[in-house]
Each structure stands twice: as C-alpha cells, then as structure tokens.
Amino acid sequence: MIRQVRIKRRDVPRSLPEGLHPVAARVLAARGLKQAPDYSLAGLLPPSLGGMDQACRLLHQAIVDNQSILVVGDFDADGATGTALAVRGLRAMGARRVGWLTPDRVRHGYGLGTQLVSEIPDPVPDLILTVDQGVSSVEGVALARQRGMRVIVTDHHLPSEQLPAADAIINPQLPGERFPSACLAGVGVMFYLLMGLRAHVRDQGGFAGKQPRLDAWLDLVALGTVADLVPLDENNRRLVHQGLMRIRAGRCSPGVRYLLEVAGRNLRHVTAADLGFAAAPRLNAAGRLDDMGIGVRCLLAESESEAHAIAGQLDALNRERQSIQAEMQELAEEQAEEQARRLAEQTRGQPNGLCVFDPDWHSGVVGLVAGRLMDRLQRPVVAFAPADATGGLLKGSARSPAGIHMRDLLVEIDTRQPGLIDRFGGHARAAGLSLSSANLESFRECFDNILESREFGEDVVWSDGALDGHWLTTETAEALDRAGPWGQTWPAPLFDDRFQVQERREVGSGHLKLRLKPLDGGASVDAIAFGAGRLCYQELPDPLHVAYALEVNRWKGQSRPQLRILYLVDRD
C-alpha cells in the first residue's frame, strides 16, 4: 500500500551536464554531477585494498602447489554471487581443487561459526576463503586454524573491536583502510581480490596462455551489489552499469539469465531495479527457506537446461516465501496497530520503535517483515522468530529509516546491558541479532528507552520536481534509464505533480490502474499504483497530487509511457 508523504523538491543547478536528454541532465545535476557520467571499466579503482598482497600470495601458492581451497559464502544473494564469482575466478586462474560451502541459516547462523567449521570433514582443505562474511568470526577462524586450515577473510561488514586471527583480511570497512570506496558489496570485494590475484599471477610469470577476462563475470557483481543494497557510489555504479550492459547483450551466466526470465523480465531492457526486485528475491528465497547452495548451483550452472531447471526451483521457493511472508506480515501489522492503540490511550503519540514476535514465524523471513513495517511506520523495527524448534533462542532482524544507525543502536543496548544480546552485527540500515527468549521483554524495554531520546524527522520524500506534460514519453523514460544505474544513495528519478483522474479501476491482485491528465494540457498517460487497489473505491482529491517514477510499459510488442505511483502527497 502506498503511503502519504510530504514532498521536498531538490534544487537543480543552473549548469547542466551536456550531451544528455534535458530531463536526465536535470536529474543528474540535482545529484551533484557536472558532466555526463563515464562508466567505462578504465575508470575502475585499482585493487589497492589492504591485505591484498598477502591474500594473493597465499592463493597463488595454493594454485601452484595444487592445494585445496574451500570458498565459504553467506546465505544471501551477495554471498551467493560472491561465492560463484570466487569459484569461477579461481578455476580460471588455474586452481584445480576448489570447493564451496554455504552456511545453513538456522543450524549454523551467520558467518564462519564454530559449528560450521567443526562439520568440515577430514581431510580438511588447505585454505578457507570467506565471502561476504568472516570479519566477526573470531572463534570460527581460530578453530579453522587449529584444525590446520589457513583462512583468508573477505568481507564488507563493519568489524567488531576484535578481529579474527586470519592469515589475511580484506575489508574496505577496516579501521585505517585507505581504499577510496568503502561501499563495496561482498561480491565487489571478491571481484577486487580476483583483480589483484590476476595481476599477481601475471607478475610471477603465470598465464602462459591467455589471462582470464574478469569482466565476463560482471553480471554476478552487478546482481550481488544491487541485491545487498550497498550505496551506489561512482565505483559501484560503474560495476553495476557494466554488468547490466553485459546482461542486456545476452553475455551473462545462464543462471542470471533464467533468474530474470522466470520473473518475466526481458533481458534487453533489464534495469538495476529488475536485479533487486526480480532476480535477487528468487536467489534469496533459497537461503531463507531451504539451502543457498541451490542458488550457488544456479549461478555456477554451465548448461542452459540446468540453469533453467534450478531457476524454476528458485521461483517456486520464492512463491512459497511470498505466501509465508504475507501471513507473517498480517500478524506483524496487527501487533503494530495494538501497540499504537495502547500508546494512544496513554497519549504518548507514535511508537518510537517496534519489536514484533510470534512463535510460529520463520526466521528466514523476519527481515522482510521488519523492512515492510519500517517502510510504513518510518520507525526502527526488529522482528523476531524462534531460532530452533525449542524456542529458547530467538533470531531477530532489524531495519531502520535514515537517521537511525541500527548497528550503533544495538551496540548501545549491548553496552547498557551486557549479555542481553548473544550476537549481533550488520550495517546502518539493517542488522541481525540473536538473544534468549527470556530476554525479549528486557530487550524491548531497552530498545524503546534508547529510542525515546531520539528525534525522528518528518516523513519527507525528495522529488525531482514536476515534469511538463510533453516530457511524459517513452523517450524520456528510456533516457532516464540510460542515465542510471539507480539505487541506494543514488536515488532513482522521482517526480511529483497534480493530475486529473480520468479513469481508475482495480487490476490484478489489488493494484490501482489510472488514466491521468496533466493540468498543463499535455496528453493523458497511464499510471499504476501497486497494492493500492482499495483506493479505487474511495474518494480521491481532485486534482490528485502524486509522486511517481516515469517508466516504459512494454506489452505485446507495444511500448507506452507509464507513471508508477509511489506516494500520495500529503499536503502542499
């Protein structure tokens, strides 16, 4: 359901980038660009991350000595793409004994935990290479080395005070790291390690034949980067842009191709949003409900038939995930309404934050529930589910709006009440934690007390302003798409204006379809508001003020402009 917001319009500099569609130039200028973006690979930052030299020496020696390497990823899309990239890249560099492993979300939990390490069968691999995890795995790394394995950690999460005693650590978030971009996703860190390793092998006289082309796997880098919601700084935009270009040209792995195709996406017109909202959820469904190994196998599949079959399996898992999430979301909304009702009775206003829990919830889906609630309430939300059949341990997933650093908030709770939280980690906007079920109420109380002293800004959305009716065309929409990719901290173009509603009807599963007329006399245009079907039967303001994205609706060979309504403007 779309929510009502207040709109603030971005200032647009007088000087606009040259050589672009006027609307695209205006949007990019409002984001600080003074010239047309150059996303060529030549502009990529060099592989100068700390720990790179030691990691490359270890990996090269392992390749030369035919040692066994075990890639251990994470159970999300970033971890899966990074794992597939590592396996493909190491094999292309000459490694002949490369295996991979992904933790089980429920049994192992996050990271290179001691249980996962203890389950690695003898004879153990010579070297463990982590992907998208490991910087907080102090005990797991220690056990791995005790068992005779060397460990290289590649990660991008914020480190704890104590770092693991790994043989090498590569992480752009480490204290003192001078790499110019701290925003790399886990798959991006792995891509940079492969860049460094290729240069190292070349300098050591390797590659008697042709050296591997790393850009062949940029589809994996783009998918993992978008899926993990890392900030799209210039370097990440370059990686995502190059990956999208290869996908659109059909030069991508069979797994990525069929993840998009089972979602009904046309490869020639794939956008970053398609990676984030179509391919990534199907990949993540494996880690949430089953085994992320299914997702890795999809991305490693060489044959079209194998990739198609596994993508179909992931699509089925995603439909199951959607059903589970819908049931959980309904219960979470009821809990949120009950808490708001109690606070209203006490004249305490809106809730500062929200902790929700149900003993029947699935721990793999709580993050999605928390995210949906946070988006609607614009307040920090933590959703908990039992970690195992006993219910004695809870796993929580936390999401926060801009202005509240979720991991720092958990650090403050841990400082105030040591031992209340068993484990936690994450980023500014998303984090994970585990605690005893007996501590849930104490956590809720501490969580609420801390947030009570925080100020929450008004629910304001930034807009790129109004568009004259003559700009509401497929040409404009395509120009905006070419100016991307768009994503975290590099927001997609969002416009707002008033329209006369000429037609409206409910379509599909509760969506609102509209025919809108610009007030400046421009041609009428189609619009859709997903999940807002109930507005079809309610009185709407006349004119209707909405915030929207301009896109191309391609259907049966026809292309037409369409406004995707994201918000109703609260008041002017």
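**Exercise 1. The overall build**

How many helices and strands make up the secondary structure of the protein? Then decide whether the radius of gyration agrees with that of a compact globule or departs from it.

*Solution.*
- Step 1. Keep in mind that this is a predicted model.
- Step 2. Count the elements: the secondary structure comes to 16 helices and 17 strands.
- Step 3. Take the extent of the C-alpha trace. Along the principal axes it spans about 75 × 60 × 45 Å.
- Step 4. Set the expected value. For 572 residues, a compact globule would have a radius of gyration near 25 Å.
- Step 5. Compare. The protein has 24 Å, which agrees with that expectation.
- Step 6. Add the burial: 54% of the 572 residues count as buried.

**Exercise 2. Charges on helix H12**

Find which residues form a negative surface patch. Then find which salt bridge joins Arg341 to a side chain.

*Solution.*
- Step 1. List the patch members: Glu327, Glu330, Glu334 and Glu337.
- Step 2. Place one of them. Glu330 sits in helix H12, which covers residues 304-345.
- Step 3. Check its exposure. The relative accessible area of Glu330 is 51%; exposed means over 50%, so Glu330 counts as exposed.
- Step 4. Turn to the salt bridge. Arg341 pairs with Glu338, with N to O at 2.4 Å.
- Step 5. Look at the spacing. Arg341 and Glu338 are three residues apart in helix H12, about one turn of the helix.
- Step 6. Classify both partners. Arg341 is partly exposed at 39% relative accessibility. Glu338 is partly exposed too, at 31%.

**Exercise 3. Glu412 and its partners**

Which salt bridges does Glu412 form with Arg416 and Arg454, and where do these residues lie?

*Solution.*
- Step 1. Recall the principle. Side chains of opposite charge can pair when their charged atoms come close.
- Step 2. Start with Arg416. Its side chain meets that of Glu412 in a salt bridge, 3.2 Å from N to O.
- Step 3. Locate this pair. Both residues lie in helix H14 (residues 406-416), four residues apart, about one turn of the helix.
- Step 4. Go on to Arg454. Its closest N to O distance from Glu412 in their salt bridge is 2.7 Å.
- Step 5. Locate this second pair. It links distant parts of the chain, 42 residues apart. Glu412 is in helix H14, while Arg454 is in the loop between helix H15 (440-452) and strand S12 (460-463).
- Step 6. Read the exposure. Glu412 is partly exposed at 25%. Arg416 is partly exposed at 46%. Arg454 is partly exposed at 29%.
- Step 7. Widen the view. The structure holds 26 salt bridges. Elsewhere, Arg10, Arg31 and Asp464 are linked in a salt-bridge network.

**Exercise 4. Two cis peptide bonds**

Where do the cis peptide bonds Asp122 to Pro123 and Gly484 to Pro485 fall in the fold?

*Solution.*
- Step 1. Take the bond from Asp122 to Pro123. It is cis, with omega near -5°.
- Step 2. Place Pro123. It is in the loop between helix H4 (114-119) and strand S4 (127-130).
- Step 3. Take the bond that joins Gly484 and Pro485. It is cis, with omega about 15°.
- Step 4. Place Pro485. It is in the loop between H16 and strand S13 (495-507).

**Exercise 5. Positive phi, two settings**

Are Asp132 and Thr489 buried or exposed?

*Solution.*
- Step 1. Check the backbone of Asp132. Its phi is near 65°, a positive value in a residue other than glycine.
- Step 2. Place Asp132. It lies in the loop between S4 and helix H5 (138-146).
- Step 3. Apply the cut-off. Buried means under 20%, and Asp132 has 0%, so Asp132 is buried.
- Step 4. Check the backbone of Thr489. Its phi is near 65°, again positive in a residue other than glycine.
- Step 5. Place Thr489. It is in the loop between H16 and S13.
- Step 6. Apply the other cut-off. Exposed means over 50%, and Thr489 has 59%, so Thr489 is exposed.

**Exercise 6. A residue of helix H14**

Is Leu409 buried or exposed, and how far is its C-alpha atom from that of Val135?

*Solution.*
- Step 1. Place Leu409: it lies in helix H14.
- Step 2. Classify it. At 1% relative accessibility, Leu409 counts as buried.
- Step 3. Read the distance. The C-alpha atoms of Leu409 and Val135 are separated by 20 Å. Along the chain the two are 274 residues apart.

Note on methods:
Residues numbered from 1 in each chain as written. Predicted model: local features only at pLDDT ≥ 70, side-chain atom pairs only at ≥ 80, totals over all residues. Heavy atoms only, no water. Patch = residues over 30% accessible without salt bridge, like charges linked within 9 Å, V, L, I, M, F, W, Y side chains within 5 Å. Areas by Shrake-Rupley, 256 points an atom, 1.4 Å probe, with all protein chains shown as cover. Salt bridge = Lys/Arg side-chain N within 4 Å of Asp/Glu carboxyl O. Lys, Arg positive; Asp, Glu negative; His and termini not counted. Charge placed at Lys NZ, Arg CZ, Asp CG, Glu CD. Buried < 20%, exposed > 50% of the residue type's maximum accessible area, 1.4 Å probe, protein only. Rg over C-alpha atoms; globule rule 2.2 N^0.38 Å.
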